[in-house]
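Trainee: I'd like a close look at one part of this model, namely how the strands pair up. Start with the overall layout so I can place things, then take your time over the details.

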Amino acid sequence: MNINYSEHFTPILNHFFQSQHNVTIESYEFQSTRKEFEGDLTLVVFPLVRQVKIRPDDLANTLGNYLLNELEAVLNFNVVKGFLNLVLSDAFYVEQFLKILNISNYGHQIINDVSPIVMVEFSSPNTNKPLHLGHIRNNVLGYSVAKILEANGKKVIKTQIINDRGIHICKSMIAWEKFGNQETPSSSDLKGDQLVGKYYVKFDVEYKKEITTLTKQGYSEEEAKQNAPLLLEAQDMLRRWEDNDLAVHKLWRTMNDWVYQGFEVTYASLGVSFDSYYYESETYLLGKNIIKKGLKDQVFFKKDDGSVWIDLTAEGLDEKLLLRSDGTSVYMTQDLGTAQKRLEDIPQLKGMVYTVGNEQDYHFKVLFLILKKLGFDWAEALHHLSYGMVDLPSGKMKSREGTVVDADDLIKGMISQAKTISESVGKLDSLNDNEKTTLHETIALGALKYYILKVDPKKRILFDPEASIDFNGNTGPFIQYTHARIKTLILKSDKDLLESFESLTELDIREKEVIKQLEIYPEIIILAGKQYNPALIANYLYDLVKSYNTFYQNVSVLGSTDITQKAFRVALSEKVAEVIANASNLLGIDVPNRM
RNA sequence: GGCCCAGUAGUUCAACUGGAUAGAAUAUCAGAUUUCGGCUCUGACGGUUAGGGGUUCGAAUCCCUUCUGGGUCACCA
């Protein structure tokens, strides 16, 4: 990675290659030197060899001598197989640290009126059942990517498209009408989404009973599935909904409102929020104007039965339906229309991120391709943030088999586990009950989010709640704990000793390592933003915490007798705490001051 | 079957997108400490990167191929 070093070394290296060899080098490959060799910074010379036609070792030696003469920061060098290892002075690292010490919100770009606007869509639930573990990954990922984009100087609009209409919600409605006895969230003491979900399950149970009855009467299974009275009623209700039947719409609104209230509770406990909402009931008819344009531009074609298609066989894909023969729209049509609508709503929009599971990879590939073919210039700036499924140690989640993990239940379970663990290890007796509860929630959510985010989004996750909440190892609580410890350490330190330490010339090797980590931080944010990948931040955080911990354990932070060094260590600790807090924030994780 | 994604210590994950001897955590084992078979420290063990071939100074990473797991190929959303 080209970390900050490049700004320091690139000019002088460029000068060397210009004057000595008359060639221009595009970029240099720097990396930090592996532990087993002497040095701090390593320049890989192999890529340069091609351009100047000198043997790797010779070039490395020449370069080493050159840098040694030209730069004060370079104290020494050695060459191993085409790797030029440079030993940099402690003064150099002190200087680097001083540079970043007083930058507030270090690593995070500032957002102003001219910042590009990006929309990040996530969550996007159906309104017929509560959120589950899969939604948690979606929410946590989308929210984190939104934060990371903000840190990269984008103005982010967090949004979701709510799938609030269709046969699934009609099923819940029918079941509630028939079996619900006017039950409401307040009468049942259930969260609204849980209540509606209960009737969705009820529908399925009763529907299956009807199928059994019908097959006993001699229907084939297929016929029974299609002709079960309950299903016919649900389908009829959907028709009435589409005809704007007042009674149906009233019930629909009531039940959806219950669900939204329930969702809000879950979102609040997850610590995610949204800036705008799109409802499918308002967008499902969109996109037909795009179809017209596409037909006119001959990007699409019409079949004899009147249905509209696009032929993507040249791109290695299939033909894709865009409009049914009866003229009604499909999923793809809606998404085309919704994308266009968003640009109408916010003309300055510079990009959109769709946080949707990888089972829809194909859909988004086609969606983006169509928009490009239609000639929309903004189609280049669309990104599908695709993620893998969440598996449990017990196996795959299947809603039909009742093995889904409910989001609220999971969070509750994590909190009570956090409570158990922190009570058995903690010394939190001075906190009052409210503070303790808040802390347990913070730890539980930190554990949950970190566990999910540290895995590359596109990979499947095996979710083990027990392992996630461990206070040791690569976990959220461990990071939170380190932050808390630094905070109490700083409290203990004498603030007055924080005088100038620019004169400090000798660093402990472990202090150097911490400074190196701090230097990389802005680069990590940029990289994570480019790749829409919070896992980079998570793993970086762990590395930082680990290197700080070896520093903390082996170098007495406060014990030094040298006042300058003591001040330096406190300042370094403070900066590390700040970076931990800021980086955690990018993952949506809170870090307590004590725990 | 076509297309897409994944396959890395026993397990859960890394590896700065082509760089040096593939790293952590956890589990296991050994030692230290200890009035707990708990906690905490120290160390060790653990790998043909699913298999095979290729590209080059250099491959877990790129290309080809085989295998395994998952997803997707609806006038569903």
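**Strands, sheets and what packs on them**

Mentor: Sure, let's get oriented: the centres of domain 2 and domain 3, taken over C-alpha atoms, are separated by 48 Å. Those are two of the domains that chain A is divided into, which run 5-88 for domain 1, 166-270 for domain 2 and 425-586 for domain 3. Keep in mind that you're looking at a predicted model. The mean pLDDT of chain A is 89, with 95% of its residues at 70 or more, and the predictor puts the ipTM at 0.93 and the pTM at 0.94.

Now to the sheet you can trace as β1-β2-β4-β3: it is open, has four strands, and pairs in the antiparallel sense. At its edges you'll find β1 (30-32) and β3 (74-80); each has a single partner strand, so one side of each has no neighbour in the sheet. Going from one strand to the next, the twist averages 25°.

Zoom in on β3 and β4 (residues 83-88), which are joined in the antiparallel sense by six bridges. If you want to check the register, try Phe-77, whose bridge partner in β4 is Leu-86. Asn-78 is another handy marker, with Asn-85 in β4 as its bridge partner. Together β3 and β4 make a hairpin with two residues between them, and Lys-81 in the turn has a positive phi of about 45°. Then there's helix α3 (residues 56-70), lying across β2 (41-44), β3 and β4 and running at about 175° to β3.

Next up is another open sheet, this one with five strands in the order β7-β6-β5-β11-β12 and parallel pairing. Its edge strands are β7 (276-279) and β12 (382-387), each of which pairs on one side only. Ignoring direction, neighbouring strands here are turned by 25° against each other on average.

For a register check in this sheet, go to β5 (residues 117-121) and β6 (residues 155-162), which pair in the parallel sense over five bridges. Ile-117 has Lys-155 as its bridge partner in β6. Packed on this sheet is helix α14 (residues 331-345), which touches β5, β6, β7 and β11 (349-357), and its direction makes about 145° with that of β11.

One last stop, for a helix-on-helix contrast: α17 (residues 433-453) packs against α19 (residues 476-492) at about 125°, with the axes 7 Å apart. That angle makes α17 oblique to α19. On the α17 side, the contact is built from Ile-443, Gly-446, Ala-447, Lys-449, Tyr-450 and Tyr-451, and these meet Gly-476, Pro-477, Ile-479 and Gln-480 in α19. Sorted by class, the residues in this contact are six nonpolar, three polar and one charged.

How values were computed:
Residues are numbered from 1 along each chain as its sequence is written. Chains are lettered from A and ligands numbered from 1 in the order in which they are written. This is a predicted model: local features need pLDDT of at least 70, side-chain atom pairs count only at pLDDT 80 or more; totals for chains, interfaces and linings use all residues. Domain bounds come from an automatic or database domain assignment. Two strands pair if DSSP finds at least two bridges between them. Axes are lines fitted to C-alpha atoms, for helices over the stretch in contact, and angles run from 0 to 180 degrees between N-to-C directions. Two residues are in contact if their C-beta atoms, placed from the backbone, lie within 7 Å. pLDDT is the predictor's confidence in each residue, from 0 to 100. Angles under 35 degrees count as roughly parallel, over 145 as roughly antiparallel, 65 to 115 as roughly perpendicular and the rest as oblique. Ala, Val, Leu, Ile, Met, Phe, Trp, Tyr, Cys and Pro count as nonpolar, Asp, Glu, Lys and Arg as charged, and the others, Gly among them, as polar.
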